[in-house]
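Let's take a walk through this structure together, from its side-chain contacts to its interior. Keep the view open as you read, and turn it as each residue comes up.

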Amino acid sequence: MRLARARTDDGVREGEYRDGTLVTDDAEYEVEEADLLAPCGPDALFCVGRNFAATLDQMDYERPEEPDFFIKPPHSVVGHRDPIPYPEWTGELTYAGELVAVIDEPCSDLAPDEVPDAVRGYTLLNDVDALDQQGRTARKAFTASGPLGPWIETDVDPTNLDMYTDVAGERRQEANTELMLFDPHEVVSYLSKRFEFRAGDCVAFGSPANPGLVEPGDTVEITYESVGTLVNEVVAGD
């Protein structure tokens, strides 16, 4: 099942997305992809870095002994098909195609085998990064740095999914989630022992090696098998 949020004539509604139709408890709406919003409103978006060996090689990082994470704030989140403004204060903007777990209900201190029952489903993130800025907050936590969507897929096993990212029609990333150093259930369990998750919080599991930057006019398309494709265009900032 695909769960989505969308703009409708009756305002923002949530429900099951079925090939252009949003089915809510009391109505059905024909919606375009441009009507889709980020599928949830996280209080925090927990992002794991250095979770693929190829990324360690590319960035000359040491292999972490436990998940290495940072947090994007709510105002970083935009939706599928929303523009990504290119900030005027950076000259090195890049992307990262990531799988994301969406937490269903408040929870904490989960064992790995308890994680599937705590997760509503999976969506996708573009972890936009201003590489020439100092520190992860400056690089990754700015407005519109977290495109999220297009929906939440509730029926998917996250441990063996093919993924790829295309930028301006060029294949830039290609991998499988089985290549993660820490699998999704391990990551959610690890973070749940440090934070009390709230409904709608998101956990992103990192990205494979990321060759290249983006420029205004580039369209970034991130696909994870059995989940969907997140599409956003980079636009010149004001």
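Over the ring of which residue does the charged end of Arg171 sit? Find Tyr164: the charged end of Arg171 lies over its ring, 4.0 Å from the centre. Keep in mind as you look that this is a predicted model. You can find another such arrangement at Arg194, which lies over the face of Tyr190, 3.7 Å from the ring centre.

Tyr190 is a handy place to pause, since it also belongs to an aromatic cluster together with Phe46, Phe69, Phe195 and Phe197. The structure holds six aromatic pairs. One of them joins Phe46 and Phe197, which meet edge-to-face with 5.5 Å between their centres and 70° between their planes. Phe46 comes from strand S5 (residues 45-49), while Phe197 sits in the loop between H4 and strand S16 (202-204), so this pair ties together parts that are 151 residues apart in sequence. Are these two rings buried or exposed? Phe46 is buried, at a relative accessible area of 3%, and Phe197 is buried too, at 0%.

Now turn to Phe69 and Phe195, an aromatic pair that is also edge-to-face, at 5.7 Å centre to centre and with 85° between the planes. Phe69 belongs to strand S6 (residues 68-72) and Phe195 to the loop between H4 and S16, so here the parts tied together are 126 residues apart in sequence. Phe69 counts as partly exposed at 26% relative accessibility, and Phe195 likewise counts as partly exposed at 27%.

Helix H4 itself is worth a look. It spans residues 184-192 and is mostly covered, with eight of its nine residues buried. Those buried residues are Pro184, His185, Val187, Val188, Ser189, Tyr190, Leu191 and Ser192. What covers them? The elements over the buried residues of H4 include S5, S6, strand S10 (97-103), helix H2 (115-118), strand S11 (119-126) and S16. At the start of H4, you can spot Asp183, where a side-chain oxygen comes within 2.9 Å of the backbone nitrogen of His185.

From the helix we can move into the nonpolar interior. In soluble globular proteins, nonpolar side chains tend to be buried together. Here the largest nonpolar core has 43 residues, and the members that touch the most others are Leu93, Leu99, Val188, Phe197, Val203 and Phe205. Helix H4 gives this core its largest share, four residues. Two names from earlier thus return: Val188, one of the buried residues of H4, and Phe197, the partner of Phe46. A second, separate core has 13 residues, among them Leu45, Val77, Leu148 and Ile152.

What does Leu93 touch once its neighbours within four places in sequence are left aside? Its contacts are Tyr86, Pro87, Val128, Asp129, Ala130, Phe142, Leu213, Val214 and Val234. Asp129 in that list leads us on to charged residues, as it takes part in a network of salt bridges that links Lys72, Asp127, Asp129, Arg139 and Lys140.

Side chains of opposite charge can pair when their charged atoms come close. How many salt bridges does a search of the whole structure find? The count is 16. One of them links Glu153 and Arg2, with the closest N and O atoms 3.7 Å apart. Glu153 lies in strand S13 (residues 146-153) and Arg2 in strand S1 (residues 2-8), so this salt bridge ties together parts that are 151 residues apart in sequence. Glu153 is buried, with a relative accessible area of 8%, whereas Arg2 is partly exposed at 28%.

Another salt bridge brings together the side chains of Arg81 and Glu33, at 3.2 Å from N to O. Arg81 is in the loop between strand S7 (77-78) and strand S8 (84-86), and Glu33 is in the loop between strand S4 (28-30) and S5, so the pair ties together parts that are 48 residues apart in sequence. Arg81 is partly exposed at 46%, as is Glu33 at 33%.

For a last stop, look at Glu170 and Arg172, whose side chains meet in a salt bridge of 3.2 Å, N to O. Glu170 counts as partly exposed at 45% relative accessibility, while Arg172 counts as buried at 15%.

Terms used
Residues are numbered from 1 along each chain as its sequence is written. This is a predicted model: local features need pLDDT of at least 70, side-chain atom pairs count only at pLDDT 80 or more; totals for chains, interfaces and linings use all residues. Side-chain values use heavy atoms; hydrogens and water are left out. A nonpolar core is a set of buried Ala, Val, Leu, Ile, Met, Phe, Trp, Tyr and Cys residues joined through side-chain atoms within 4.5 Å. Buried means under 20% relative accessible area, exposed over 50%, partly exposed in between (1.4 Å probe, protein chains only). Contact means heavy atoms within 4.5 Å. Rings of Phe, Tyr and Trp (its six-membered ring) pair if their centres lie within 6.5 Å; planes under 30 degrees apart count as stacked, over 60 as edge-to-face and the rest as tilted. A charge sits over a ring if NZ of Lys or CZ of Arg is within 6 Å of the ring centre and within 35 degrees of the ring normal. A salt bridge is a side-chain nitrogen of Lys or Arg within 4 Å of a carboxyl oxygen of Asp or Glu. A polar contact is a pair of N or O atoms within 3.5 Å; within protein, one must be able to donate a hydrogen and the other to accept it, and residues adjacent in sequence count only if both atoms are side-chain atoms.
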